[in-house]
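Open the model in your viewer and keep the selection panel handy. We will begin with one strand and work outwards from there.

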Amino acid sequence: MGTVYEKTATSPVNIAVIKYWGKRDTNLILPTNSSLSVTLSQDHLQSKTTIRASSDFEKTRLWLNGVEDTDIEKNKRLQNCLSETRRLRKEYEERLRKDKNVDNVIPLSEYNLHICSENNFPTAAGLASSASGFACLAYTLSQLYELPISTTELSKIARQGSGSACRSLFGGFVAWEMGSQDDGSDSQAVQIASQDHWPELEALICVVSDAKKDTSSTEGMQNTVNTSTLLQHRIEHVVPLRMKSMIKAIHERDFQKFAEITMQDSNQFHAMCLDTYPPIFYLNDVSRAIIRVITEYNSSNPERKLKAAYTFDAGPNAVIYTTSENAPEIINLIAKYFPGNENTRDYFSDPFQLFVGKAIGEQPLPLGFNDQIISVFPKGNVKQILHTKVGEGPKVVAGEFDGLLNKQGWPKKLN
C-alpha cells in the first residue's frame with residue numbers, strides 16, 4: 001500500500017452568550033448581527049472527523065455517525081466547504097509548481113474523498129452539533145490539504161457550512177464579526193481571549209432532552225427574520241452595545257456583568273422566538289424551572305451577587321456558567337430539584353471531584369435559598385449534568401488507531 005493521504009481531527013462545541021439568530025444572506029450564511037461565544041472543553045463534547053483523499057475512490061462519500069449521506073451533491077453547505085477548500089488547495093499546488101519548481105506535487109485537489117464524522121453527543125438536539133461538525137470538517141480539510149491560511153480565513157469557509165461553526169475554530173472566547181460586505185469577506189471569527197484567560201470560569205450543561213428538536217435552527221431563524229419586529233430592534237440597538245460590554249467583561253473577568261448580559265441575551269433570544277409567527281417554543285417546563293432555580297440562587301445569597309448565569313440555545317438544554325467556587329452548590333441544586341435515574345455515574349460524571357460525604361442533591365441548600373421555589377421533578381427530567389470548562393480549539397489526532405476509517409479507507413463503524 002502506498003502513501004495514505006489522511007487526517008483526523010477533533011473540534012469543540014461553542015455556546016453563545018450573545019446569540020446569532022437570523023441571516024441577511026442565506027447562501028453565504030451572513031448573520032443579521034454579531035455574536036460571541038465560549039468554547040467548551042472537548043473532554044465531554046466534541047466532533048471527530050477523518051478524511052482520506054485517494055485517486056482510487058470512485059466518488060466522494062460522507063458518513064455521519066455511522067450512516068452514509070447518499071445525496072451529498074444536494075448538500076449545499078457541505079459542497080460549499082468542499083469546493084472552497086479544494087480551490088485553495090489547487091491554487092497551492094499551482095504555486096508550488098510555479099514558484100518553487102516542485103515537480104512531484106500530489107494533486108490532492110483532484111482526488112475524491114472519504115469523509116467519516118461522528119459526535120460524542122446528540123445531533124440536532126440544541127447542543128451545537130452542526131457548529132462543531134462543520135468546524136471539524138473545515139479544519140480537517142485544511143490539515144489534509146496543508147492550506148497556508150489563517151484560522152480567521154478558515155472561519156469564513158466553516159461559516160458557509162454552519163454559521164456558528166466559525167466560532168468553534170478557536171478556543172477560549174470568540175466573536176463572530178457580522179461584517180458588512182455583500183460577498184462575506186469580512187464576516188469572520190476572531191478570538192477575544194484565550195482558553196487560559198479566565199481559569200475560574202466553568203460551565204454546567206443540563207441535558208434536558210437529547211431528541212431532535214421540532215423546529216430546526218435554519219427554519220426557525222428565517223421565520224424570525226421574516227416575522228419578528230423584536231428582531232429588528234435587537235439588531236439595530238441591543239446587540240452592538242452588548243458586544244462591547246461583553247468583550248469588556250471578559251477582558252476584566254467581571255462575572256457580574258458577564259452573567260447579567262448572558263441571561264438577558266438568552267431571555268431576549270427566546271422572546272424573539274415567541275415573537276415569531278407562528279411562535280417557536282424551544283424551552284419546556286424543565287427549562288423554565290431551571291431558570292427559576294438559578295434566579296432564586298442569585299437573589300437569595302447574602303451578598304446579592306450573581307453567582308450563576310443560565311443560557312439556552314435553540315433547544316431545552318441549559319448551560320449554566322459559574323465560577324469554580326460556586327459550581328458545587330449549583331450542581332447540588334440541580335440534582336436536588338431534577339434528580340437523575342438510578343445510575344448516578346451516567347447522570348453526573350465529576351471530573352473535578354467536588355463532593356465528599358453526602359451525594360449530590362443531598363447537600364444542604366445555600367443559606368437563604370427558598371426551598372419551596374419549585375417542586376422536585378420526577379427522576380430523569382434532567383438526563384445528565386456535564387461539568388466542564390473553557391477549552392481549546394480544533395486539534396489533529398495523531399494516533400494510529402484514533403481515525404474513523406480502516407486501512408482500506410472505509411468507516412470502521414457502520415449503523
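## First stop: a covered strand

Select Ala308, Tyr310 and Phe312 and show their side chains: these three point one way from β13, while Ala309 and Thr311 point the other way, and all of them are buried. Keep in mind as you look that this is a predicted model. In a regular strand, side chains alternate between the two faces of the sheet. Now widen the selection to the whole of β13, residues 308-312: the strand is mostly covered, with 5 of its 5 residues buried. Buried here means under 20% relative accessible area.

## Next: the hairpin partner

Which strand pairs with β13? Add residues 318-323 to the selection; this is β14, and the two strands pair in the antiparallel sense over 5 bridges. Follow the backbone from one to the other and you will cross the 5 residues that lie between them in this hairpin. To see one bridge in detail, pick Ala309 and look across to β14, where its bridge partner is Tyr321. Strands of a sheet pair through backbone hydrogen bonds, either parallel or antiparallel.

## Then: a six-stranded sheet

Clear the selection and move to another part of the chain. Here you can trace an open sheet of 6 strands in the order β8-β7-β9-β6-β1-β17, with mixed pairing. Where does the sheet end on each side? Select 67-69 for β8 and 395-396 for β17: these are the edge strands, and each pairs on one side only.

Now go to β1 (residues 5-12) and β6 (residues 46-54), which run antiparallel and are joined by 8 bridges. Highlight Ala9 and you will find it opposite Thr49 in β6.

## Last stop: the whole chain

Zoom out and colour by secondary structure: the chain has 9 helices and 17 strands. The radius of gyration is 22 Å, close to the 22 Å that the globule rule gives for 415 residues, so the chain is as compact as a globular protein of that length. Taken along the principal axes, the C-alpha atoms fill a box of roughly 75 × 50 × 40 Å.

Switch on the surface next. The accessible surface of the chain comes to about 18700 Å², and carbon and sulfur atoms hold 47% of it. Of the 415 residues, 55% count as buried.

If your viewer can draw contacts, try that too: among those with a separation of 6 or more, 76% are between residues 24 or more positions apart. Finally, colour by charge: the mean positions of the 45 positive and 49 negative charges are 0 Å apart.

Conventions:
Residues are numbered from 1 along each chain as its sequence is written. This is a predicted model: local features need pLDDT of at least 70, side-chain atom pairs count only at pLDDT 80 or more; totals for chains, interfaces and linings use all residues. Side-chain values use heavy atoms; hydrogens and water are left out. Helices (H or I, at least four residues) and strands (E, at least two) are DSSP runs, numbered from the N terminus. The radius of gyration is taken over C-alpha atoms; the globule rule is 2.2 Å times the number of residues to the power 0.38. Buried means under 20% relative accessible area, exposed over 50%, partly exposed in between (1.4 Å probe, protein chains only). Contact means heavy atoms within 4.5 Å. Accessible areas come from the Shrake-Rupley method with a 1.4 Å probe; for residues, only the protein chains shown count as cover. Lys and Arg count as positive and Asp and Glu as negative; His and the chain ends are not counted. The place of a charge is taken as NZ of Lys, CZ of Arg, CG of Asp or CD of Glu. Two strands pair if DSSP finds at least two bridges between them.
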